[in-house]
Amino acid sequence: MMEFIFSPELLEIIILSLWVSGAGTLFASILGIALGSIIALTEFRWKRLVLAFLNTWMALPAVVIGLLVYLLLKRSGPMGALGLLYSPGGMIIAQAILATPILAVLTTSALQEKGRRIIDTAHSLGAGWIMTCMTVVREARFAVITAVLTGFSRVIGETGMTMMVGGNIKGFTRVMTTTIALETMKGNFEIGITLGIVLVIVALIINLAIQLVRRVQA
Amino acid sequence: MKIRIENVSKFFSGKEALSRIDLTFEPGSFTVLIGPNGAGKTTLLKVTDLILKPDAGEVYYDGRPARTLKRSEIIAIRRRMTFVEQNPIVFSGSVEWNAAYGLRARGIKGYEERVKEILKLVGLADLAKAPAQCLSGGETQRLAIARALIVEPEVFLLDEPGSNIDAQSVSMVSTFIIKAISSGISVILVTHFPEEYLPLNPMAVEMKDGMIIKKESLAAILRDRADTAP
């Protein structure tokens, strides 16, 4: 067990977990923040329906998203030719899909209250399109950072979906959560506990970061 | 800048906020908009400032219809006006950073002295480095007026600048409005207390339910009110 704790394999698993979840959150941030901004700051006919869809998407069990992504990426699926099933790329897609509604909904609620007024004030002071966007981002930055951290904490702890899409291949798609599941089934509780502690530390860092953001905001 | 509002209507969720408004603001004029809450005064200011698009009718800026303006032209016209809301918001950042916002938007550099001057004028010089979001209601209102006036607009739109602030700030705000008028800026002011502007002999527009019900000198409207009062 001690060999595993101090092995490059563990480090590799931790780095892959952070990389996959980081990249998934990054893509989700681009899509979710843009979507949330559009919903909060513009008026369109199907706004309530889109919000209801996003809330439903957010409430979907991760394994359902895993199943959908699996069907999409499997060899005979619409994106099968890309060969992304059982690869970190496939895991990133699944995690991005999981985190996108979280980011979109949190961004919407962050901007809905004050966003329109920020835009109107910036416009009335003569700001152009770029300066207005920069002002909105600047004013909402703490809420958006909190949304990104929330999205990241959601995806890094995901197991079932990651296992379905990634396959838990040693040295290639094995991440912390899937290793914990596997090693527990094999009876290697020490390894599971070690990785669990790493996950707890990651969660703690994220929560401390959220608290710090909120304190700076206050 | 001459602003002509022609047959403008605006709806919110099916309710008519402005109904066939016809109005002209001449360069250097002073107009007071009066009327009860929900009369459409704020909506009219926002339509004039190009923040809201009318659902019907047209607004002309120096004869140019707003609907035909390109995005860059809209920004250029907006830069000739400034609008101070009833409860203005300030951005996160220092008081001086907020005061200089409009100057940065216009690409004006080397504005430090100008900012110092305007903050001194509104009594916020000592708070220049303080976070703007920590200001009181009256200080926020004064900062909003400072950041609007610093850009030397041609048209200055104010929405009930005296509401929700202390007596000292109210008198300071009135002084700025009077200064703006005397320096040739067109002022369009929404107020529930028009009496204090009587000496400046403004044109008054009385609104109700999104419509203009009277359009004459403030003195005449106040005289009528006094005559009809029980």
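**Reading cavities and strand pairing in a predicted model**

Author: In this predicted model, the second largest cavity is lined by A:S17, A:V20, A:S21, A:Q95, A:V155, A:I156, A:V175, A:M176, A:T177 and A:L199.

Reader: Which elements supply at least two residues of that lining?

Author: They are α2 (8-41), α6 (129-156) and α8 (176-185) of chain A. The greatest contribution is from α2(A), with 3 residues. By residue class, the lining holds 6 nonpolar and 4 polar residues and no charged ones. The volume of this second largest cavity is about 50 Å³.

Reader: How many cavities of 30 Å³ or more does the whole structure hold?

Author: The search finds 2. The largest encloses about 80 Å³, and its lining includes A:D120, A:T121 and A:S124 along with B:F83, B:V84 and B:R147. Two or more lining residues come from each of α5 (88-124) of chain A and β6 (81-84) and α6 (137-149) of chain B. This lining comprises 7 nonpolar, 2 polar and 3 charged residues.

Reader: Turning to strands, how should one read the side chains along a strand, and which strands pair with β1(B)?

Author: As a general idea, side chains in a regular strand alternate between the two faces of the sheet. In this structure, β1 (residues 3-12) of chain B runs antiparallel to β2 (residues 15-25) of chain B, joined by 7 bridges. β1(B) also pairs with β4 (residues 56-61) of chain B, again in the antiparallel sense, over 5 bridges.

Reader: What are the bridge partners of B:V8 in β2(B) and of B:E6 in β4(B)?

Author: B:V8 is partnered by B:I21, and B:E6 by B:E58. In the hairpin of β1(B) and β2(B), 2 residues lie between the strands, and B:S13 adopts a positive phi near 50°.

Methods
Residues are numbered from 1 along each chain as its sequence is written. Chains are lettered from A and ligands numbered from 1 in the order in which they are written. This is a predicted model: local features need pLDDT of at least 70, side-chain atom pairs count only at pLDDT 80 or more; totals for chains, interfaces and linings use all residues. Side-chain values use heavy atoms; hydrogens and water are left out. Two strands pair if DSSP finds at least two bridges between them. Helices (H or I, at least four residues) and strands (E, at least two) are DSSP runs, numbered from the N terminus. On a 1 Å grid over the protein atoms alone, a cavity is a set of points where a 1.4 Å probe fits but cannot get out, and a pocket is an open set with protein on both sides within 12 Å along at least five of seven lines; lining residues have an atom within 4 Å of a point. Grid points are joined across faces, edges and corners, and a volume is the space filled by probe spheres set on the points. Ala, Val, Leu, Ile, Met, Phe, Trp, Tyr, Cys and Pro count as nonpolar, Asp, Glu, Lys and Arg as charged, and the others, Gly among them, as polar.
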